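Subject: Structure handover

Hello,

Here is the structure we talked about. Please open it alongside this note; my findings follow below.

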Amino acid sequence: MAPPTPAENESHQLLLNQLDIAQVPRPFRNPHWKPSQRRNKNVKQLISESSRKEASQMATQANSGATTPLVATTSASTDGSQTPADGGQRTNIAQAAQNLSTLVLEKNARAMYSSGPAVTYTNIESAPSLHPSQQTRYCDITGLPAPYTDPKTRLRYHDKEVFGVVRSLAQGVPESYLELRAAHVVLK
Amino acid sequence: MTITSVQAVLPGRFAINSTEKSTAKPPPKVYNAQEPPFKGYHAPQPDGYQRSRSKPDTSAIVIDNGSNLVKAGWSFDKNPRFILPPVMSRYRDRKLNKACQFIGYDAYVDATTRGQLRYAFDPGSSVVGNWDVMEGVLDYLFLKLGVDGANGGVDRPIVMTEPIANLNYPRKMMNEILFECYSAPSVAYGIDSLFSYRYNRGTDGLIISSSHTSTHVIPVLNNKALLSNCSRLNWGGMHASEYLLKLMRLKYPTFPARMTESQMEDLVHKHCYVSKDYDQELSKYLDWTGLEDRDLVVQYPFTEHVVPEKSEEELARIAERKKESGRRLQEQAAKMRLEKLMKKEQELEYYKDLQNGLQTETKKEARRILEAEDLKDEAHLERIIRDLERSIKRSRNRDLGVEESEEPAEEMSFPLLDVPDEELDEAGLKEKRHQRLMKSNVEARQRAKAEKEREKARREEEERLDREKRENDFEGWLSERRTNRQNILQRIKERDRLKADLGNRKSLASQMRMKTLANLAADGPKKRRRGGDDDDFGANDEDWGVYRTVAGEQSDEEEEEDLGGMLDVVEKELLEHDPEFTENHTLAAQSDWTKSLVHVFLRGPWPFDPESQREAHQLHLNVERIRVPEVVFKPSIAGVDQAGLVEIAADIVNQRFINPEDQSRLLRDVFMTGGNTLFQNFDERFRNEFRAFLPLDAELNVRRAKDPVLDAWKGAAQWASGADLAKSSITRQEYLEKGSEYLKEHDLGNVTTW
């Protein structure tokens, strides 16, 4: 490619200046807004954090009766317009005979799992398949149906010509083919 | 164990006759690889903001915060005003010493900005991972939407979409940014696919939402999404283009150009489609018939190494120059020849004079003269004269252009041989010896000739016998030839295997070789100790035999060279006489590129010229066109350990809804939205496969969103124009009171988890 002429350079710079928003004033921003330096987290971190939080919450509620039990949310008060408050003032003599913490736990469970477990990012992930159609094997090289597997590289292949290709692959390449279907060996 | 079966099994692909293959396919349609997706400058559109001044509480800024494209506009707009990928390129220009920031498509403007590209979303997920980029994108949107910030903030309600079951942390961060950085009066969150469903007037049904990062199945009853029964498959458009990129990199490991993800995304959008019956279509995908339509050629930019073409004039001048120099050379040669000729003539004259002079001299004097001339005797002189005459004649003839006929070899006679030695003088003896030599020469030649004739006769006899055998016992002859051919093929195969094995250090062949070398090395020092320090290798001719030992079996190369020739002969005979053996069966035809599956896979139904830069810069999409979109239905193809889309949907309908009434309500409206459902045949394939999981009489309706990509935004805008906005928004007051993780639940949004 030919190097750009000065005129082209100049017009490109003009275009860049037009697109660049670094110098544009942004009066709608709060000048005192100072975000935390470490606010960027990846999904892995977030999921492990949230599952830890869930677990700890369960534990604290199981151990003590100090927390306020959640109210059963069967009434349509899930729009969040009102903060869940303590439920009705029911009295039960049998209740007095029970361990307070089990009681709280039971009540919480009833409240939370009224319509199955709560929806979280992790638990809506669909389960592995048991359907036989998912077991169909396809050639790792061409994608065609693969009746054979090479015992040396563990690659599946379509016919003897593809087998020739499989056996002539350079070192490490079979692994990257396996990686495509997540069958590669991961050293930890 | 060695496999000894040598039956020629011809797979179905080879059964097509070669005449069809020999007709050349039409030249391929070529698609160019996509340029970086820069879309030019977008001017701000402040008119919307002006319009919203009249009703600042109900005109909301609607942002569909998609991981592929962020769409933004006003709630009263029909279409989003700005659509851009959530990317940012921010760097400090060293030359101008200033900070630069480019957002969305602008970040693709040139190589520098592309090099600094950062994505807002965590790769492969619908969760925001880089909040600096997110803030940059929001800044850009508010700037372009004309927000003037007169009272120090974005003074309009904001409606945002978020993924299903969004994690708490991203929502918290988004709240903090919107309320604290932009001082928004209120914010509402909703789920994109539910907005899309509402926009398409759905009330009860099953939403299939396949988007950039994930695929969801959501049951909706009575306008309310049953999120606890929804399910997510971790596969979306982004995974598809990533998968295609990996496939292409492995398919063309030495591809000279750089393949980028955005190019692959473009290819997935334009050329991939969902197969109606995957296994059926796949098994025929690389068949020769109609392959030119299934195989797509993608051309990358290239520079052909062209030999500079010379103009007519230049060519003429070069030819003239060549001719000129040739003429000069010819002239020189002619002159030289003439000089030589003259010299020879002078010599001839001299020798002739000498001969004439000798006749008059005495014998003694004559010998003296001859000796002075370095001649042995008169016969020698005669010979010289004869030679000279002949050569002069020859060169004269050449100069005159006369074709010289080969002088017929005179009948040799050897009269002296019969004369006894005693009767001859010294010269006679010499002559006799000479004649004897000549005679044996002639005899040897005759013997060779006779031998040749005998050989010829023998061969003719063989051929005759062969013919006889063929005529009398055709079957036997045929089977003999066939086994012969198979044997040759086997030997060729073994030779190739041996060659291949030598490259492999662990193979038997190379281990034997190493053993031989080790033995030789072990022998060496002993010899040296015995024989002192000097290395006498090579003194004995037998020493060189070690090379033969080391080379082992593969030394007999002449024989190997012949295998191909032998095969040719046998195949020719079979072609001639065997009715079952056709052109298609020859080894040459079978190893032809049109028969090669791998060639078809890599290069389509066209020959490949490795010299051509144009062809080296081409990608061929064939199986990938259906292989890549298929993953949504069969995640195991790409190693995703989850059930396929149809299975998930069937599971939700059949297992989680016991009431048949609910089931049929779900089935009566299966709704598809999201960019990944845009593939051709997606709905049809889903319908066909889903039907197999349902009762026979179940009513099933599958429909697509009017615009699977933009309907989510449109639905959100529609929703924000209604009364729901005020009810479902978190106000600034509520944010300050209840914290940044507070969420108001509504029909189209997520539910609080804790």
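The rule finds eight salt bridges across the interface of chain B and chain A. Keep in mind that this is a predicted model. One of the salt bridges joins the side chains of A:Lys53 and B:Glu741, at 3.6 Å from N to O. Polar contacts were counted too: 35 residue pairs across the interface of chain B and chain A, both residues at pLDDT 80 or more.

Which elements of chain B give two or more residues to the side that touches chain A? The strands are β6 (98-103) and β13 (231-233). The helices are α4 (131-144), α5 (168-181), α7 (237-251), α9 (278-283), α20 (597-603) and α23 (645-656). By class, this side of chain B has 47 nonpolar, 22 polar and 24 charged residues.

Now the extent of the contact. Chain B puts in 93 residues and chain A puts in 74 residues. About 6,900 Å² is buried between chain B and chain A. Carbon and sulfur atoms give 58% of that area.

Two sheets in chain B are worth a look.

**Three-stranded sheet**

This one contains β6(B), listed above for the interface. The sheet is open, with the order β6-β5-β7 and antiparallel pairing. Strands β6 and β7 (117-119) of chain B each have a single partner strand, so one side of each is left without a neighbour in the sheet. Direction ignored, neighbouring strands are turned by 25 degrees against each other on average. Strand β5 (residues 87-93) of chain B pairs with β6(B) over six bridges, in the antiparallel sense. Within that pair, B:Arg90 stands opposite B:Gln101 of β6(B). Helix α4(B) packs on this sheet and touches β5, β6 and β7 of chain B. The direction of α4(B) makes about 95 degrees with that of β5(B).

**Six-stranded sheet**

This sheet is also open, and its pairing is mixed. The order in chain B is β4-β3-β2-β8-β9-β18. Which strands stand at the edges? They are β4 (82-84) and β18 (730-731) of chain B, each pairing on one side only. Strand β3 (residues 70-74) of chain B runs antiparallel to β4(B), over three bridges. B:Val70 has B:Leu84 in β4(B) as its bridge partner. Helix α6 (residues 192-199) of chain B packs on the sheet. There α6(B) touches β2 (61-65), β8 (158-162) and β9 (186-191) of chain B. Its direction makes about 80 degrees with that of β9(B).

Best wishes

Methods. Residues are numbered from 1 along each chain as its sequence is written. Chains are lettered from A and ligands numbered from 1 in the order in which they are written. This is a predicted model: local features need pLDDT of at least 70, side-chain atom pairs count only at pLDDT 80 or more; totals for chains, interfaces and linings use all residues. Side-chain values use heavy atoms; hydrogens and water are left out. Two strands pair if DSSP finds at least two bridges between them. Helices (H or I, at least four residues) and strands (E, at least two) are DSSP runs, numbered from the N terminus. Contact means heavy atoms within 4.5 Å. Axes are lines fitted to C-alpha atoms, for helices over the stretch in contact, and angles run from 0 to 180 degrees between N-to-C directions. Buried area is the accessible area (1.4 Å probe) that two parts lose on being put together, summed over both. A salt bridge is a side-chain nitrogen of Lys or Arg within 4 Å of a carboxyl oxygen of Asp or Glu. A polar contact is a pair of N or O atoms within 3.5 Å; within protein, one must be able to donate a hydrogen and the other to accept it, and residues adjacent in sequence count only if both atoms are side-chain atoms. Ala, Val, Leu, Ile, Met, Phe, Trp, Tyr, Cys and Pro count as nonpolar, Asp, Glu, Lys and Arg as charged, and the others, Gly among them, as polar.
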